[in-house]
Amino acid sequence: MNDCIFCKIANGEIPAEIIYTDDNITVFKDANPQAPVHVLVIPKQHYDSAIAVKDNSVFANLVAGAVKAAHDLGLDEKGYRMVINTGEQGGQTVNHIHLHLLAGRNLGWPPG
Ligand code: 5GP
Ligand code: ZN
């Protein structure tokens, strides 16, 4: 997608603090962190949201990437949260599907 900020992060056109990348996903630090650890996992391929994903391997890659990143970041012992905001009421603001990995403090429930 021409104007998509996360496509540009995935292909290196704009900078981000990338902590992991492979053929399918990019993992990078959120620019406005909501917890001591806040990273985003995105597919390299553009999908507007979870609703646009027809191939479940995309979801598998996002979740597996987050679990790997969490392990590598030392989060297994204390735990973490994975979130995919979807659509307007879901709180999605960037229309390239992304999984939030949040950790490093007690996370409230229910979310706001
Ligand atoms: P959403 O609200 O769509 O679930 O999450 C979008 C997230 O992307 C937000 O947490 C926001 O801080 C983050 N974000 C937006 N633009 C950029 C950017 O240019 N770089 C990085 N690293 N994060 C961004
Ligand atoms: Zn995109």
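The lining of the second largest pocket sorts into 10 nonpolar, seven polar and three charged residues (Ala, Val, Leu, Ile, Met, Phe, Trp, Tyr, Cys and Pro count as nonpolar, Asp, Glu, Lys and Arg as charged, and the others, Gly among them, as polar). This is a predicted model, where local features need pLDDT of at least 70 and side-chain atom pairs pLDDT 80 or more, while totals for chains, interfaces and linings use all residues. Residues are numbered from 1 along each chain as its sequence is written, chains are lettered from A and ligands numbered from 1 in the order written, and side-chain values use heavy atoms, with hydrogens and water left out.

That second pocket comes in at about 300 Å³. On a 1 Å grid over the protein atoms alone, a pocket is an open set of points where a 1.4 Å probe fits, with protein on both sides within 12 Å along at least five of seven lines, and lining residues have an atom within 4 Å of a point. Points are joined across faces, edges and corners, and the volume is the space filled by probe spheres set on them. Of its 20 lining residues, Phe6, Phe28, Asp30, Ala31 and Leu40 sit closest to the centre of the second largest pocket. Two elements, H1 and strand S2 (25-29), give two or more residues to this lining, and H1 has the largest share with three. Helices (H or I, at least four residues) and strands (E, at least two) are DSSP runs, numbered from the N terminus.

The largest pocket holds about 420 Å³ of space. It is lined by 19 residues, and Arg81, Val83, Asn85, Leu102 and Pro111 are the closest to its centre. Here S4 and S5 each chip in at least two residues, with S4 giving the largest share, three. By class, the lining of the largest pocket has six nonpolar, 10 polar and three charged residues.

On to the metal. The zinc ion (ligand 2) is held by Cys4 (SG), Cys7 (SG), His46 (ND1) and His96 (ND1), at 2.0 to 2.3 Å. Donors are N, O and S atoms within 2.8 Å of the metal (3.2 Å for Na, K and Ca), and water is not among the atoms, so sites may look incomplete. Angles between the four donor atoms run from 105 to 117 degrees, so the arrangement around the zinc ion is tetrahedral (four donors with all angles between 85 and 135 degrees). Along the chain, the donors follow the spacing C-x2-C-x38-H-x49-H. Cys4 lies in the segment before helix H1 (5-10) and His96 in the loop between strand S4 (81-83) and strand S5 (99-103), so the pair ties together parts that are 92 residues apart in sequence. Cys4 and His96 are both buried, that is, under 20% relative accessible area with a 1.4 Å probe and protein chains only.

The largest nonpolar core (buried Ala, Val, Leu, Ile, Met, Phe, Trp, Tyr and Cys residues joined through side-chain atoms within 4.5 Å) has 18 residues, of which Val27, Val41, Leu62, Leu75, Ile97 and Leu101 touch the most other members. S2, strand S3 (37-43), helix H2 (56-72) and S5 each supply at least two residues of this core, and H2 brings the largest share, five.

Ala69 lies in helix H2 and counts as buried at 6% relative accessibility. Its C-alpha is 8.6 Å from that of Leu101, 32 residues away along the chain. Finally, the peptide bond from Trp109 to Pro110 is cis, with omega near 0 degrees, and Pro110 falls in the segment after S5.

Technical notes
Four donors count as tetrahedral if all angles lie between 85 and 135 degrees; four count as square planar and six as octahedral if opposite donors are over 155 degrees apart and all others between 65 and 115; anything else is irregular. Buried means under 20% relative accessible area, exposed over 50%, partly exposed in between (1.4 Å probe, protein chains only).
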